[in-house]
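Here is a short set of exercises to work through with the model open beside you. Try each task before reading its solution.

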Amino acid sequence: MDIYDKVAYNILYYMDKLEKNEEFIKECPGITAFEYLCVKTKITPRRLSTILKIGTKRRTTLNEVHRICVVLGVGMGDIISNEVKYIDK
C-alpha cells in the first residue's frame, strides 16, 4: 500500500465520521460528506473521486490534502501517516 492509498483511506475514515456527526446532519440535511467537501474545498467531484480511489496511480497534492483537513477539522498528521484508519461497519 503506497502513501496515496493511506491518504485515501484516512480521508474516507474522517468523511464517514463527518456523515455520522449529529451536528453535521442537523446543519446540512440531505448532503453527503463528499458533496460537502467538494463545495467547501473547491475540489471538483471528479478530482475528489480520483483522490479517493484505492489502488490507482494518482498524485494528491499537499494543497488538496490541507484543504480537506481544514474542512474535516483534522490535522495533516492524521491524514498523512503510516497508520491507516479503517471505517467501522
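Let's begin with a loop: Lys42 sits in the one between helix 3 and helix 4, where helices are DSSP runs of H or I with at least four residues, strands are runs of E with at least two, and both are numbered from the N terminus. Before going on, please note that this is a predicted model, in which local features need pLDDT of at least 70, side-chain atom pairs count only at pLDDT 80 or more, and totals for chains, interfaces and linings use all residues. Residues are numbered from 1 along each chain as its sequence is written, and side-chain values use heavy atoms, with hydrogens and water left out.

**Exercise 1. Describe the backbone and the exposure of Lys42.**

Step 1: Look at phi. Lys42 has a positive phi of about 60°, although it is not a glycine. Most residues other than glycine have a negative phi.

Step 2: Classify the exposure. Lys42 counts as exposed because its relative accessibility is 69%; the classes are buried under 20% relative accessible area, exposed over 50% and partly exposed in between, with a 1.4 Å probe and protein chains only.

**Exercise 2. Find out how many disulfides the whole structure has, and why Cys28 is not bonded to Cys38.**

Step 1: Recall the chemistry. A disulfide is a covalent bond between the sulfur atoms of two cysteines.

Step 2: Apply the cut-off. A disulfide here is a pair of cysteine sulfur atoms within 2.5 Å, and a search of the whole structure finds zero.

Step 3: Give the reason. The cysteine sulfur closest to that of Cys28 is in Cys38, and because the two are 14 Å apart they are too far for a bond.

Step 4: Check the surroundings. Cys28 counts as buried at 16% relative accessibility, and Cys38 counts as buried at 11%.

**Exercise 3. Work out which elements build the largest nonpolar core.**

Step 1: Start from the expectation. In soluble globular proteins, nonpolar side chains tend to be buried together.

Step 2: Define the set. A nonpolar core is a set of buried Ala, Val, Leu, Ile, Met, Phe, Trp, Tyr and Cys residues joined through side-chain atoms within 4.5 Å.

Step 3: Pick out the hubs. The largest core has 21 residues, and Ile11, Met15, Leu48, Ile68, Leu72 and Ile79 have the most contacts inside it.

Step 4: Assign the elements. Two or more residues come from each of helix 1 (3-20), helix 3 (33-41), helix 4 (45-52) and helix 5 (62-72). The largest share is that of helix 1, with six residues.

Step 5: Follow one hub. Leaving out residues up to four places away in sequence, Ile79 touches Lys6, Val7, Asn10, Ile11, Tyr14, Val65, Cys69 and Val74, contact meaning heavy atoms within 4.5 Å.

**Exercise 4. Determine how helix 1 and helix 3 cross, and which residues make the contact.**

Step 1: Take the geometry. The two axes come within 9 Å and cross at roughly 105°; axes are lines fitted to C-alpha atoms, for helices over the stretch in contact, and angles run from 0 to 180 degrees between N-to-C directions.

Step 2: Name the arrangement. Helix 1 is therefore roughly perpendicular to helix 3, since angles under 35 degrees count as roughly parallel, over 145 as roughly antiparallel, 65 to 115 as roughly perpendicular and the rest as oblique.

Step 3: List the partners. Helix 1 contributes Met15, Leu18 and Glu19, while helix 3 contributes Ala33, Phe34, Tyr36 and Leu37.

**Exercise 5. Trace the surroundings of Ser81 and Asn10: is each one buried or exposed?**

Step 1: Place the residues. Ser81 lies in the segment after helix 6 (76-79), and Asn10 belongs to helix 1.

Step 2: Read the accessibility. Ser81 counts as buried at 16%, and Asn10 counts as buried at 0%.

Step 3: Map the contacts, without residues up to four places away in sequence. Ser81 touches Ile3, Lys6 and Asn10. Asn10 touches Asp78, Ile79, Ser81, Glu83, Val84 and Lys85.

Step 4: Add the polar atoms. A polar atom of the Ser81 side chain lies 3.0 Å from the backbone oxygen of Glu83.

Conventions:
Polar contact = N/O pair within 3.5 Å; in protein donor to acceptor, adjacent residues only side chain to side chain.
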